[in-house]
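I am opening a fresh notebook page for this structure. My notes below follow the order in which I looked things up.

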Amino acid sequence: MVFITRLISITNFAVATSALGFQVFVLYPWHKELDEGFEALKKEHLRVLDAINKTANQPHITAGKAADPAPARSVWDTLLSGFGASK
């Protein structure tokens, strides 16, 4: 009976040590890498939103007259003009 109890205790210790090692050496560094990636993605998203807002707030000139402040432009046109590109 003592042998079985000792074997269960050693098995429990081995499983717990393996789980802790996996968390420390695999999951934690991966978590840091994902966190850095999400921060970069967030900055890129804010940069794109800022470019879209700047483009949407610019006055549009048509034949020497100021055009309607909310012209009928597609989202695609707004995105492309925000990056200095055209169709």
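Before counting anything, I fix one term: a residue is buried when its relative accessible area is under 20%, exposed when over 50%, and partly exposed in between. I also note that this is a predicted model.

**Entry 1: the whole chain**

I asked what share of the protein chain is buried. Buried residues make up 6% of the 87 residues. I then looked up the accessible surface of the chain, which comes to about 7700 Å². Carbon and sulfur atoms hold 67% of that surface.

Next I listed the secondary structure. I found two helices and two strands. Along the sequence they follow the pattern α-β-β-α.

**Entry 2: helix α1**

I turned to helix α1, which covers residues 2–56. The helix has 55 residues. I took the span from its first C-alpha to its last and got 77 Å. The expected value at 1.5 Å a residue is 81 Å, and the computed span is close to that.

Where does α1 bend? I found a kink of about 35°, centred on Q23.

**Entry 3: a nonpolar patch**

I searched the surface for nonpolar patches. One patch is formed by L20, F22, V24, F25, V26, L27, W30, L34, F38 and L41. Together these residues have about 1000 Å² of accessible area.

I checked one member, F22, in more detail. F22 sits in helix α1. Its relative accessible area is 45%, so F22 is partly exposed. Patch members need over 30% relative accessible area, and F22 has 45%.

**Entry 4: salt bridges**

How many salt bridges does the whole structure hold? My search returned two. Side chains of opposite charge can pair when their charged atoms come close.

I looked at R47 and E44. They form a salt bridge, and their closest N and O atoms are 2.8 Å apart. Both residues lie in helix α1. They are three residues apart, about one turn of the helix. I then read off their exposure. R47 has a relative accessible area of 44%, so R47 is partly exposed. E44 is at 37%, so E44 counts as partly exposed too.

I moved on to K54 and D50. Here the closest N and O atoms of the salt bridge are 3.5 Å apart. The cut-off for a salt bridge is 4 Å, so this pair at 3.5 Å counts. K54 and D50 are four residues apart in helix α1, so about one helical turn separates them. Are K54 and D50 exposed or partly exposed? K54 is at 52% relative accessibility, so K54 counts as exposed. D50 is at 38%, so D50 is partly exposed.

**Entry 5: T55**

I picked T55, also in helix α1. Is T55 buried or exposed? Its relative accessibility is 8%, so T55 counts as buried. I also asked which backbone oxygen the side chain of T55 reaches. The partner is the backbone oxygen of A51, at 2.9 Å.

**Entry 6: V48 and L79**

Last, I checked V48, another residue of helix α1. Its relative accessible area is 21%, so V48 is partly exposed. The limit for buried is under 20%, so V48 at 21% does not meet it. I then took the C-alpha separation between V48 and L79, which is 8.4 Å. Along the chain, V48 and L79 are 31 residues apart.

How values were computed:
Residues are numbered from 1 along each chain as its sequence is written. This is a predicted model: local features need pLDDT of at least 70, side-chain atom pairs count only at pLDDT 80 or more; totals for chains, interfaces and linings use all residues. Side-chain values use heavy atoms; hydrogens and water are left out. Patches are made of residues with over 30% relative accessible area and no salt bridge: like charges are joined within 9 Å, nonpolar side chains (Val, Leu, Ile, Met, Phe, Trp, Tyr) within 5 Å. Accessible areas come from the Shrake-Rupley method with a 1.4 Å probe; for residues, only the protein chains shown count as cover. A salt bridge is a side-chain nitrogen of Lys or Arg within 4 Å of a carboxyl oxygen of Asp or Glu. Buried means under 20% relative accessible area, exposed over 50%, partly exposed in between (1.4 Å probe, protein chains only). A polar contact is a pair of N or O atoms within 3.5 Å; within protein, one must be able to donate a hydrogen and the other to accept it, and residues adjacent in sequence count only if both atoms are side-chain atoms. The expected span of a helix is 1.5 Å times one less than its number of residues. The bend at a residue is the angle between axes fitted to the seven residues ending there and the seven starting there.
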